Amino acid sequence: MIDPLARYHRQMLLPGIGREGQQAINAAHVAIVGVGALGCALADMLARAGVGTITLIDRDIVELTNLQRQTLFTEADALAGTPKAEAAAARITAINSTIHVRVHAADLTARNASDLLALSSQPPAVILDGTDNFETRYLLNDISVKRLIPYAYAGAVGTRGMQATFVPDAARTSPCLRCVFPDIPAPASVPTCDTAGVLGPTINIAAGAQAADALKIITSNTHLLSGTLLEFDVWNNIRRRIDLRAMGATPNCPCCQQRHFTFLDATNTDHLATLCGQRAIQVPGRGPVSFDDLATRLAPSGKIERSRFMLRFFPHERAGVWLSIFSDGRTIIQGVDRIEEARSLHARYVGA
Ligand SMILES: [Zn+2]
């Protein structure tokens, strides 16, 4: 009989992993939230490493401009407008058919986080951050602190990146994300990949550090976590570390000390979101839509394209604007800058 672990031979040779560590990896569940550039790199590495269950969550669809750095996607995915979570799942399943991949082509919110992350049935050993916005990061941090689940944070814009793994403890001594970044930066104050671009290798450094930390946690090597916030600029050869252990938790941190889970307890999560990397705004869904009914209704007003996952509508009256409508009613409107404009297009074509 062929040893099912044979494919991991080179990984099992490593001190600190071995056969026992590999079995722990195969039994583990991790969640990757956001399957853009970071998420692709993470999913690729962790699927190859043999992580037994991987949850992929992403609200976006594959675009041509993603292919420069989002390594699991192809031109065919961009052409079909495949949801990133679906495209990534297909790719990593082809890489390693022995693992189980859970796919959620959805926006992670306070309302659905528990379901999507399987918090009550099979909570992840670590939550890996592949998001592009601080609202979702603060939500992940709330979940991490409340449920004592390690949170592997990273961010990359331009040629600069940051990475830190936060491991909450019941004694509340170790810092959380909000100890380091107390407030959400004002939207216009920080560069995004939309305005500053992003260099592919920047991503791999941050994601590599995240994935290594995840494997340390899964194989009970938490003593090897650096306990630092890594800050680097791959273009200008800068690399700095801030010692989070020495820093400790911020005494009045609203999250890990005062236990106010503002983002997890938010009841109004029906916000419209500007999507990073494109002129696009997402309007949340208000319930299931029938693609057949919608196609019939919209046919006189514009061009329609359909796939298994969504209906795409190009209104005659607005050149350069198109709506990608998912079966739960969630709609991404491309080619618009203003929230009001997105709201009105959504009301006109999809219905309030
Ligand atoms: Zn804190």
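1. Strand β6 (160-166) is a good place to begin reading this structure: 6 of its 7 residues are buried, so the strand is largely enclosed by the rest of the structure. Here buried means under 20% relative accessible area, exposed means over 50%, and partly exposed lies in between, with a 1.4 Å probe and protein chains only. Helices (H or I, at least four residues) and strands (E, at least two) are DSSP runs, numbered from the N terminus.

2. A word on the basis of these remarks: this is a predicted model, in which local features need pLDDT of at least 70 and side-chain atom pairs count only at pLDDT 80 or more, while totals for chains, interfaces and linings use all residues. Residues are numbered from 1 along each chain as its sequence is written, and side-chain values use heavy atoms, with hydrogens and water left out.

3. The neighbours of β6 can be followed on both pairings, where two strands pair if DSSP finds at least two bridges between them. With β5 the strand pairs in the antiparallel sense over 7 bridges, and G155 stands opposite M162 in β6. The hairpin of β5 and β6 has 2 residues between the strands, and in it G158 takes a positive phi near 65°. With strand β7 (residues 228-233), β6 pairs in the antiparallel sense over 4 bridges, and Q163 stands opposite L230 in β7.

4. Strand β4 brings in parallel pairing, since it pairs with β1 in that sense over 4 bridges and with β5, again in the parallel sense, over 2 bridges. I127 can be traced in both pairings: it is the bridge partner of A31, and it stands opposite Y151 in β5. Looking at the side chains of β4, V126 and L128 point one way and I127 and D129 the other way, yet all are buried.

5. Helix α7 (residues 134-147) has 14 residues and reaches 20 Å from its first C-alpha to its last, close to the 20 Å expected at 1.5 Å a residue; the expected span is 1.5 Å times one less than the number of residues. At the start of α7, a side-chain oxygen of N133 reaches to within 3.3 Å of the backbone nitrogen of E135. The helix is followed by L148, whose phi is positive, near 55°.

6. How much of α7 is covered? The helix is mostly covered, with 11 of its 14 residues buried, among them F134, Y138, L139 and I143. What covers these buried residues includes β1 (29-33), α6 (113-116), β4 (126-129), β5 (151-157), β6 (160-166) and α8 (177-180), where contact means heavy atoms within 4.5 Å.

7. Within α7, N141 deserves a closer look, as it counts as buried because its relative accessibility is 0%. A polar atom of the N141 side chain lies 3.1 Å from the backbone nitrogen of L177; a polar contact is a pair of N or O atoms within 3.5 Å, where, within protein, one must be able to donate a hydrogen and the other to accept it, and residues adjacent in sequence count only if both atoms are side-chain atoms. Leaving aside its neighbours within four places in sequence, N141 is in contact with Y151, C176, L177, R178 and C255.

8. C176 is also one of the protein donors of the zinc ion, which are C176 (SG), C179 (SG), C253 (SG) and C256 (SG), lying 2.3 Å from it. Donors are N, O and S atoms within 2.8 Å of the metal (3.2 Å for Na, K and Ca), and sites may look incomplete, as water is not among the atoms. The donor residues are spaced C-x2-C-x73-C-x2-C in sequence. The pair C179, in helix α8, and C256, in the loop between α11 (244-247) and β9, links distant parts of the chain, 77 residues apart. C179 is buried, with a relative accessible area of 8%, and C256 counts as buried at 5% relative accessibility.

9. A further sheet lies later in the sequence: 6 strands form an open sheet in the order β9-β10-β14-β13-β12-β11, with antiparallel pairing. Its edge strands are β9 (273-274) and β11 (302-306), each pairing on one side only. Within this sheet, 4 bridges join β12 (residues 310-315) to β13 (residues 322-326), which run antiparallel, and L311 stands opposite I325 in β13.
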